[in-house]
Amino acid sequence: MNPFCLPFLAIAFLAASFARAESQEDKSQWFKGNLHTHTLWSDGDDFPEMVADWYRSHGYHFLALSDHNVLSIGDRWMNIKEIDKRSGSKAFQKYIDRFGSPWVETRGDREAGTFEVRLKPLDAIRPLVEGDGQFLMIPSEEITEKGVHINATNIGELIPPQSGSSIVETIQNTLKAIDEQSKRLGRDIIPHLNHPNLGDKGISAEELAALVQDEFFEVFNGVEGDGDLGSSRRHGLEMLWDITSTLRLSEFGAPPLFGLATDDSHDYHGEQKASPGRGWIMLRAKELTAESIIEAMRRGDFYASTGVVLNDVQFDKLRKVYTVKIEPKDDVEFTTTFIGTRRNFDKTSRPRIDPTSGKPIESTRDYSKDVGMTFQQTKGNIAQYQLTGDELYVRAVVTSSEKPSNPTTESILQKAWTQPVGWEVETSRGNTSQAESR
Ligand SMILES: [Zn+2]
Ligand SMILES: [Zn+2]
């Protein structure tokens, strides 16, 4: 490619960096979906069509069953003892009550200990739950290798876990395998990095910033105790988002991360560790297809939520005004915080120190207050931020005075997180082909 083309690419990219074109406005609508769930196919405790039925009956439009290192394809049977053990002996009876015979397939003998229930493949349950076109199942897999969990939404074929000598290399190899399949099958598959604070070490913002191929991550995951808010040893996921996005824009010439909320639900029978209905995304698309959903995500035309409903999110690129309109609710107060980093931010940082050993902790460094700072806070149902032009990016978080319907210690008040806007890729460094595709 002619190197003189690069600045033009950057400009084209800027123009495409946020929100839909005006012409799409009237035709598009909001769709609600969860891109991270589990079933009996891996370590969940319910049948796939029961899980889909839960989401459909709770007002969702799309769902990805993202079981660990498996696609629900082919003939698979599970012994009732295992189903009972996982579900407190509840799943099978509920399954019979909901779908009954002949849908529910069994074989073997209870007395002899050989009684098994068929776990239906995705292709078999799609006609049942999608029916009238008001609900969409998107094939997915949680590609899981040690501490690295990456969801591949709209996957076509199984991708086995990809090993690497480090967390970074494992992520790189997983993203590469997804990209290879995407190109080979001519199918847009969207990876997102799950629960970055899970486990002893998690993934640092510096590591994530350098992994510019990863465009999406979970700013909220519904599993109780997976570190969304951080700890004395580690930043919470919002600060991880800000540091990563700041480093990408200022050092890597790459776009900021986009944030999702998901359930990562495993428990459908009363157990509260990973129950459904805690985190989802709302996105604007013209139709309910995997392609249009992925397209909206790549445009950044979506927000993450644990309860707050937004009627509109607009970034006026000419006037540089970011507007968030919140669905009003009686006696509920909303506070919108516009967060970002300015171009001339104080770049100093230092490792966090373990108070017991006095040694640096192996995780994201501590940065100056300039990184992920609050630009403005607004109360009410409409919040508007006028960019000054010196921002690297701006994002908005809306916090409600109301509790979520299914709260956790990490989700105390309902929230919504919009995507970073007002950013531009300033140099031709980084991966320009990524810039073109996003
Ligand atoms: Zn996971
Ligand atoms: Zn999961």
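Student: Which residues does Leu 35 touch, not counting residues up to four places away in sequence?
Tutor: Keep in mind that this is a predicted model. Leu 35 sits in the loop between S1 and H2. Setting aside residues up to four places away in sequence, the ones it touches are Ala 64, Ser 66, Ser 140, Asn 151, Thr 153, His 192, Leu 260, Thr 262 and Ile 281.

Student: Is Leu 35 buried or exposed?
Tutor: Count the other C-beta atoms within 10 Å of Leu 35 and you get 28. The cut-off is 20 or more. Leu 35 therefore counts as buried.

Student: How far apart are the C-alpha atoms of Leu 35 and Met 137?
Tutor: Along the chain, 102 residues separate Leu 35 from Met 137. In space, though, the gap between their C-alpha atoms is 9.7 Å.

Student: Let's move on to H2. How many of the residues of H2 are buried?
Tutor: H2 runs over residues 48-57. Its buried residues are Pro 48, Glu 49, Met 50, Val 51, Ala 52, Tyr 55 and Arg 56. What covers them includes strands S1, S2, S5 and S6, along with H4 and H5. That leaves H2 mostly covered, and out of its 10 residues the buried count is 7.

Student: Are H2 and H4 roughly parallel or roughly perpendicular to each other?
Tutor: Their axes come within 10 Å and cross at roughly 65°. Angles of 65 to 115 degrees fall in one class. H2 and H4 are therefore roughly perpendicular.

Student: Which residues of H4 does H2 meet?
Tutor: H2 passes H4 in a left-handed crossing. On the H2 side, the residues involved are Glu 49, Met 50 and Asp 53. On the H4 side they are Lys 94, Tyr 95, Arg 98 and Phe 99.

Student: How many residues of the contact of H2 with H4 are charged?
Tutor: Sort the residues of this contact into nonpolar, polar and charged. Nonpolar residues number 3, and there are no polar ones. The charged count is 4.

Student: And H2 with H5: are they roughly parallel or roughly antiparallel?
Tutor: The axes of H2 and H5 come within 10 Å, crossing at roughly 25°. The cut-off that matters here is 35 degrees, and angles under it share a class. H2 and H5 are therefore roughly parallel.

Student: Which residues of H5 make the contact with H2?
Tutor: The crossing of H2 and H5 is right-handed. H2 brings Pro 48, Glu 49, Ala 52, Asp 53 and Arg 56 to the contact. From H5 come Ile 125, Leu 128 and Val 129.

Student: How many residues of the contact of H2 with H5 are nonpolar?
Tutor: This contact has no polar residues, and 3 of its residues are charged. The nonpolar ones number 5.

Student: Which peptide bond is cis, with omega about 10°?
Tutor: Look in the loop between H4 and S4, where you'll find Pro 102. The cis bond with omega about 10° joins Ser 101 and Pro 102.

Student: Is Lys 146 buried or exposed?
Tutor: Lys 146 is in the loop between S7 and S8. Its phi is positive, near 50°, and it isn't a glycine. It has 11 other C-beta atoms within 10 Å, and the exposed class takes 12 or fewer. Lys 146 is therefore exposed.

Student: What is phi of Ser 89 near?
Tutor: Ser 89 lies in the loop between H3 and H4. With 13 other C-beta atoms within 10 Å, it is partly exposed. Its phi is positive, though the residue is not glycine, and is near 60°.

Student: Where is Arg 299?
Tutor: Arg 299 is buried, having 21 other C-beta atoms within 10 Å. From C-alpha to C-alpha, Arg 299 and Arg 284 are 9.9 Å apart, with their places 15 residues apart in sequence. The place of Arg 299 is in helix H9.

Student: Which residues touch the most other members of the largest nonpolar core?
Tutor: The largest nonpolar core has 92 residues. Take Ala 304: beyond its neighbours within four places in sequence, its contacts include Phe 220, Leu 260 and Trp 417. The residues touching the most other members are Val 219, Ile 281, Leu 283 and Ala 304.

Methods. Residues are numbered from 1 along each chain as its sequence is written. Chains are lettered from A and ligands numbered from 1 in the order in which they are written. This is a predicted model: local features need pLDDT of at least 70, side-chain atom pairs count only at pLDDT 80 or more; totals for chains, interfaces and linings use all residues. Axes are lines fitted to C-alpha atoms, for helices over the stretch in contact, and angles run from 0 to 180 degrees between N-to-C directions. Helices (H or I, at least four residues) and strands (E, at least two) are DSSP runs, numbered from the N terminus. Angles under 35 degrees count as roughly parallel, over 145 as roughly antiparallel, 65 to 115 as roughly perpendicular and the rest as oblique. A crossing is left-handed if the near helix is turned anticlockwise from the far one by less than a right angle, and right-handed if clockwise. Two residues are in contact if their C-beta atoms, placed from the backbone, lie within 7 Å. Ala, Val, Leu, Ile, Met, Phe, Trp, Tyr, Cys and Pro count as nonpolar, Asp, Glu, Lys and Arg as charged, and the others, Gly among them, as polar. A nonpolar core is a set of buried Ala, Val, Leu, Ile, Met, Phe, Trp, Tyr and Cys residues joined through C-beta atoms within 7 Å.
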